[in-house]
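Here's a quick tour of a ligand pocket and the metal site beside it. Have the viewer open as you read.

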Amino acid sequence: MHSSRFRSIAAKAIGVLLMTATLSTQAQSQKVVIAHRGASGYLPEHTLQAKAMAFAMGADYIEQDVVMTSDDHLIVLHDITLDRTTDVAERFPDRVRDDGRYYAIDFTLAEVRQLRASEGFDIENGEKKQGYANRFPIGESTFSVPTLSEEIELIQGMNKSTGKNVGIYPEIKGPEFHREAGKDISSAVVRMLKSYGYASKQDKVFLQTFSFEELKIIHDEIMPAQGVDLNLVQLIGGVSSYPWMFEEDGMDKLSAFADGVGPEKGLVVSRDSQKANIQVSDFVTRAHAAGMQVHPYTYRLDPGQVPDYANSYEDLLEIHYFRADIDGVFTDFPDRAVEFLRNR
Ligand code: G3P
Ligand code: CA
């Protein structure tokens, strides 16, 4: 072959390779890691320490579950009750309700500040037994329940000091429960987000809820009233939660209100899958066709938490990120997901 023609073909081939590599990097760089309750696989969930660790591990977003105190402060707590992750039963034994639970909404912020937070636990034979045996030991060191503002200031402060732009991912917990108690938690959260500069879809925040009714109120009433337009995510626990979302036009209908969906991960890859037969549902294809991102939950590597169809946590990520084509994961182990995407 004439040498100039060879050089031309080689240059074109290299160009195609470079373009492919660039596109591939771009596609992968759009996939994100959301630290579920912080780096909760390593430090007690929803503590500022777990959030700082998630930040340092390179998570793209850090999650906050949000509930309200009796004096209308927003605190970062997964349950509407305090008894699974704090020592409330020891410090305020007479504040228990008839159902045996201690509700955050019955406590002032000053009281919540007196509690010590810990890894989640159940009581068995009068003893605290932590849900994940291999995680941070209960009773060691000192942790507390943060307010939403403290946590946003932590993340924004670290963004400033490191030059990063890590996002936040708040979830409105128990919106109907709060409404029945006369509290509009969603308006309070949106107001707080706005006060910290989160006002448009360009700002690095996703606001999530399991309640479509609440999502609709946030979209149609609360955000317009406050002059903001945030990215909204509809969480979906199962087909029975909202059967209409799984009908032919379900995702199109949902996309009128949501920018993304957060399904339980079994809705994306069937739990009946086997290593030789990975069953990817049409969930992601439908959501993408409707213009929504897909961020399933929750990816864990504790014993028994990686489904049998995957060889490892990383294999699980490979199947979900790249065979099912999801856009992000909620994970308790953000370091491993960040590393996985970096190496892919
Ligand atoms: O919000 C995504 C995921 O966190 C939903 O599950 O129960 O951990 O809030 P949960
Ligand atoms: Ca959540």
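## Around ligand 1

In this predicted model, the residues that surround ligand 1 are His36, Arg37, Glu63, Asp65, His78, Glu171, Lys173, Gln208, Phe210, Leu235, Tyr297 and Phe330. Sort that shell by class and you get 5 charged, 4 nonpolar and 3 polar residues.

## Polar contacts and burial

Three side chains are worth clicking on here. His36 puts a side-chain N or O atom 2.7 Å from an oxygen atom of ligand 1. For Lys173, a polar side-chain atom sits 2.8 Å from an oxygen atom of the ligand, and for Glu171 the distance from a side-chain N or O atom to a ligand oxygen is 3.0 Å. As for burial, ligand 1 on its own would expose 280 Å², and the protein covers 91% of that.

## The calcium site

What does the protein offer the calcium ion (ligand 2)? Its donors are Glu63 (OE), Asp65 (OD) and Glu171 (OE), at 2.1 to 2.4 Å from the ion. Glu63, Asp65 and Glu171 also belong to the set surrounding ligand 1.

Along the sequence, the donor residues follow the spacing E-x1-D-x105-E. The calcium site has 6 donor atoms, with angles among them running from 60 to 154 degrees, and its geometry is irregular.

## How far to trust it

The chain has a mean pLDDT of 93, with 92% of its residues at 70 or more. Residues 1–29 are another story: pLDDT there is below 50, and the stretch makes 5 contacts in the model beyond near neighbours in sequence.

Notes: Residues numbered from 1 in each chain as written. Chains lettered and ligands numbered in written order. Predicted model: local features only at pLDDT ≥ 70, side-chain atom pairs only at ≥ 80, totals over all residues. Heavy atoms only, no water. Near = heavy atom within 4 Å. Polar contact = N/O pair within 3.5 Å; in protein donor to acceptor, adjacent residues only side chain to side chain. Areas by Shrake-Rupley, 256 points an atom, 1.4 Å probe, with all protein chains shown as cover. Nonpolar A, V, L, I, M, F, W, Y, C, P; charged D, E, K, R; others polar. pLDDT = per-residue confidence, 0-100. Contact = heavy atoms within 4.5 Å. Donors = N, O, S within 2.8 Å, 3.2 Å for Na, K, Ca; no water. Tetrahedral: all angles 85-135°; square planar, octahedral: opposite > 155°, others 65-115°.
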